[in-house]
Amino acid sequence: MSAPLYTREILRLAVSIPHQQRLDKPDGTAEVRSQTCGSRVCVDVMVTSDHRIDKLGVDVNACALGQASTAILAEEAIGKSLDELCDARDQFAKFLDALTDEPGSWKNLDLLKPAQEHKGRHAAILLPYDAAVQAMKNANAAERAA
């Protein structure tokens, strides 16, 4: 018998998303939608002079799994570079696909292990990471254009 998908820990995370306010003048922003379920995550970033996230704003309209995943990202992303975000996203994706037992170094990613068996949910779970990566890319592109 498989583990329940919506655990108490996942539901706790889903209702405790930090930085749930869009930024007024972000350096970069991105909105990503899941084609399969319609979930949406928007991420705004302000970056430091050494290209790390200084401030973060998130707006999420997703299931409890997407919300829990957004909570983890929002808790961990400040201070991270684009490369660190990409590495965290890639490691987490491998974990969801059960290609590795290690979800990565960010706290609480292991709480989403019950979703491994639900491949159709993986895209929605990865949305906040995809949005944060794209927001950082957009911030970097805006800086180069300036």
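**Sheet, core and aromatic cluster of a predicted model**

Apart from its neighbours within four places in sequence, Ser 34 is in contact (heavy atoms within 4.5 Å) with Ser 39, Ala 123 and Leu 127. The structure is a predicted model, in which local features need pLDDT of at least 70 and side-chain atom pairs count only at pLDDT 80 or more, whereas totals for chains, interfaces and linings use all residues. Residues are numbered from 1 along each chain as its sequence is written, and side-chain values use heavy atoms, with hydrogens and water left out.

Ser 34 is located in the loop between β1 and β2; helices (H or I, at least four residues) and strands (E, at least two) are DSSP runs numbered from the N terminus. With a relative accessible area of 7%, Ser 34 is buried, a term that denotes under 20% relative accessible area, against over 50% for exposed and values in between for partly exposed (1.4 Å probe, protein chains only). The side chain of Ser 34 reaches the backbone nitrogen of Cys 37 at 3.3 Å.

The three strands form an open sheet in the order β1-β2-β3, with antiparallel pairing; pairing requires at least two DSSP bridges between two strands. The edges are formed by β1 (28-33) and β3, each of which pairs on one side only. On average, neighbouring strands of this sheet are turned by 15 degrees against each other, direction ignored; axes are lines fitted to C-alpha atoms, for helices over the stretch in contact, and angles run from 0 to 180 degrees between N-to-C directions. Helix α2 (residues 64-76) packs on the sheet and touches β2 and β3, its direction making about 175 degrees with that of β3. Eight bridges join strand β2 (residues 40-47) to strand β3 (residues 53-61) in the antiparallel sense. Within this pairing, Val 41 stands opposite Val 60, and Val 43 has Val 58 as its bridge partner. The hairpin of β2 and β3 has five residues between the strands, and His 51 in this hairpin takes a positive phi near 65 degrees.

The largest nonpolar core, defined as a set of buried Ala, Val, Leu, Ile, Met, Phe, Trp, Tyr and Cys residues joined through side-chain atoms within 4.5 Å, has 44 residues. The residues with the most contacts inside this core are Val 43, Val 45, Leu 56, Leu 85, Phe 92 and Leu 112. At least two core residues are supplied by each of α1 (8-14), β1, β2, β3, α2, α3 and α4, and α4 gives the most, with ten. Beyond its neighbours within four places in sequence, Leu 85 is in contact with residues including Ile 53, Leu 73, Trp 106 and Met 136.

Ala 131, in helix α4, is buried, with a relative accessible area of 0%. Not counting residues up to four places away in sequence, Ala 131 touches Ala 30, Val 32, Val 41 and Val 43. The C-alpha atoms of Ala 131 and Ala 71, which are 60 residues apart along the chain, are separated by 13 Å.

A search of the whole structure yields three aromatic pairs, where rings of Phe, Tyr and Trp (its six-membered ring) pair if their centres lie within 6.5 Å, and planes under 30 degrees apart count as stacked, over 60 as edge-to-face and the rest as tilted. One of these pairs, Trp 106 and Tyr 129, is tilted, at 6.0 Å centre to centre and 40 degrees between the planes. Trp 106 lies in the loop between α3 (82-96) and α4 (122-145) and Tyr 129 in helix α4, so this pair ties together parts that are 23 residues apart in sequence. Both Trp 106 and Tyr 129 are buried. Ring pairs link Trp 106 and Tyr 129 with Phe 92 and Phe 95 into a cluster.

Key: A polar contact is a pair of N or O atoms within 3.5 Å; within protein, one must be able to donate a hydrogen and the other to accept it, and residues adjacent in sequence count only if both atoms are side-chain atoms.
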